[in-house]
Amino acid sequence: MTRRAFWLLAGANFVIALGYGAILPLLPTILGDVAGVATSAAVAWHTGALLGSYMLGLFVTAPLWGAVSDRIGGHRLLLFGLCGYAAALVAFALANSLFAAYGWRILAGVTGGAVLPVVNTSIGNVPDHRVRARLFAGVSIATLLGLLAGPAASGFVYAAMERMGDVSEMTPAVVGMPLATAAVCALVVAMGVALGGIGDPAAGRADPNLRAPRIVWRQALPVLFASFLVLFGLGAFEAMLPVLAPTALSLDPPALGALLALCMVVMLAVQSGLFLAPILHRVAYGPFLAGGFLVLAAGIAFLGQAGSLAGAALAVALIGAGGAFLQPAIAYLATLNDAGASGTLLGALTGAGSLGQGLGSLAGGALFAALNANGLWVIAVALVGGAAWIGMPVRANAARVSRDKGRKENVTETFR
């Protein structure tokens, strides 16, 4: 894979995360001014529902787009997804009703679901396993940078407009500028793809004999479950921290923002280490995955018992470290099959993670409402149970794995 191809693939992940992150701080403004939602309870409900509608679109369509990429190739699908995502962002900024806002968020999930499996499939077909694992860490870094840059851009525009006058009278600009910026970035990446910046991960599959092999879904269940579980834990954490901070931890909004920033910084540090030191291909197996889940579970459990900002910071750092290792490791494992990466399987992987994040957010809110901070223990126990299962010797389908010396050997235990 050329450097240009990698940067375009990383850019595709970046713009999807940028658009998602830019919307997060703007939802109360949009709901209060455009959609006419007045009460704080209604704003909170529709904020969660709008985020959930995006994940629903991603969950339903990512596996379908992955299967399409196996048949027609990923080049055209990547162009469609990036251009469609840009259009959905602009349309959402211009939405003048709650119904339209929901429709455009679903469309953003549908088009984003066409991008992510193609990015993973393109990287998954890199022959050298050490390079492949390293590139998965690289595109994960791009996603994190997008999630950081999106809210920062929205916050910057909001603060600038606030200095100029009444923000409520400038809602179109406050909402439109960050989303238009994300849309332009998506179109720039699409232009690079259109000019031949990347190879097609499914090139040549017009011949039916060269199409992706049949997937044995029973053997793929461990990696799909792992993707679901890690995003379930992170989704529950994201839903519970904002309500836990002011109640159980007595933290103000700036302190909460500092905790979220710390989580992102730790994740960036871990994934940068995996990118700079190509060791992911050696540690992306059962015992290490189980260890990652245990670190994630320990952070979530400790967060419920933390009585100070320092304790909460330690818990959040553990959560960030565990999640940062698990996400690229799981994506890498999904590519270990005879004929290279399957768009169908990697699309299903994206869908499983989206479902986990959505259900985790719902579970986190419900558990906190019922058990307060003790609800974090329920999430931690679920993660430990998943770690115990994933850490067992699980038989996976045979894969031809290229070793550092260039020789190939048959691997029958993916999760060893």
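**Figure 1. Val189 sits in helix H7, which spans residues 171–194.** The model shown is predicted. Val189 is buried, with a relative accessible area of 10%. That value is under the 20% cut-off for burial. Leaving aside residues up to four places away in sequence, Val189 touches Leu8, Gly11, Ala12, Val15 and Leu82. One of these partners, Leu8, is 181 residues from Val189 along the sequence. In space, the C-alpha atoms of Val189 and Leu8 are 6.2 Å apart.

**Figure 2. Helices H4 and H5 pack at an angle of about 155 degrees.** H4 covers residues 74–93 and H5 covers residues 98–124. Their axes are 8 Å apart. Angles over 145 degrees count as roughly antiparallel, so H4 and H5 are roughly antiparallel to each other. The crossing of the two helices is left-handed. From H4, the contact includes Gly74, Leu77, Leu78, Phe80, Gly81 and Leu82. Gly84, Tyr85, Ala88, Leu89, Ala91 and Phe92 of H4 also take part. Facing them in H5 are Ala101, Trp104, Arg105, Leu107, Ala108, Thr111, Gly112, Ala114, Val115, Val118 and Val119. By class, this contact has 17 nonpolar, five polar and one charged residues. Leu82 of H4 is also among the residues touched by Val189.

**Figure 3. Helices H5 and H13 pack at an angle of about 130 degrees.** H13 runs over residues 343–371. The axes of H5 and H13 are 8 Å apart. The two helices are therefore oblique to each other, because about 130 degrees falls short of the 145 degrees that an angle must exceed to count as roughly antiparallel. The crossing of H5 and H13 is right-handed. H5 contributes Leu116, Pro117, Asn120 and Thr121 to the contact. H13 contributes Gly343, Leu346, Gly347 and Thr350. The contact of H5 with H13 divides into three nonpolar, five polar and no charged residues.

**Figure 4. Ser227 lies in helix H8, residues 217–247.** Ser227 is buried, at a relative accessible area of 8%. Its contacts, not counting residues up to four places away in sequence, are Ile330, Leu349, Ala352 and Gly353. Ile330 falls within helix H12, which covers residues 309–333. Leu349, Ala352 and Gly353 fall within H13, residues 343–371.

**Figure 5. Ala310 belongs to helix H12, residues 309–333.** Ala310 counts as exposed, at 59% relative accessibility. The cut-off for that class is over 50%. Leu259 is 51 residues from Ala310 along the chain. The C-alpha atoms of Ala310 and Leu259 are separated by 9.8 Å.

**Figure 6. Asn372 lies in the loop between H13 and helix H14.** H14 covers residues 375–390. Asn372 has a positive phi of about 55 degrees, although it is not a glycine. At 48% relative accessibility, Asn372 counts as partly exposed. Residues in that class lie between the 20% and 50% limits.

**Figure 7. The whole protein has 14 helices and two strands.** The chain has 416 residues, and 53% of them count as buried. Among contacts with a separation of 6 or more, 81% join residues 24 or more positions apart. The protein exposes about 17,200 Å². Carbon and sulfur atoms supply 69% of that area.

Technical notes: Residues are numbered from 1 along each chain as its sequence is written. This is a predicted model: local features need pLDDT of at least 70, side-chain atom pairs count only at pLDDT 80 or more; totals for chains, interfaces and linings use all residues. Side-chain values use heavy atoms; hydrogens and water are left out. Helices (H or I, at least four residues) and strands (E, at least two) are DSSP runs, numbered from the N terminus. Buried means under 20% relative accessible area, exposed over 50%, partly exposed in between (1.4 Å probe, protein chains only). Contact means heavy atoms within 4.5 Å. Accessible areas come from the Shrake-Rupley method with a 1.4 Å probe; for residues, only the protein chains shown count as cover. Axes are lines fitted to C-alpha atoms, for helices over the stretch in contact, and angles run from 0 to 180 degrees between N-to-C directions. Angles under 35 degrees count as roughly parallel, over 145 as roughly antiparallel, 65 to 115 as roughly perpendicular and the rest as oblique. A crossing is left-handed if the near helix is turned anticlockwise from the far one by less than a right angle, and right-handed if clockwise. Ala, Val, Leu, Ile, Met, Phe, Trp, Tyr, Cys and Pro count as nonpolar, Asp, Glu, Lys and Arg as charged, and the others, Gly among them, as polar.
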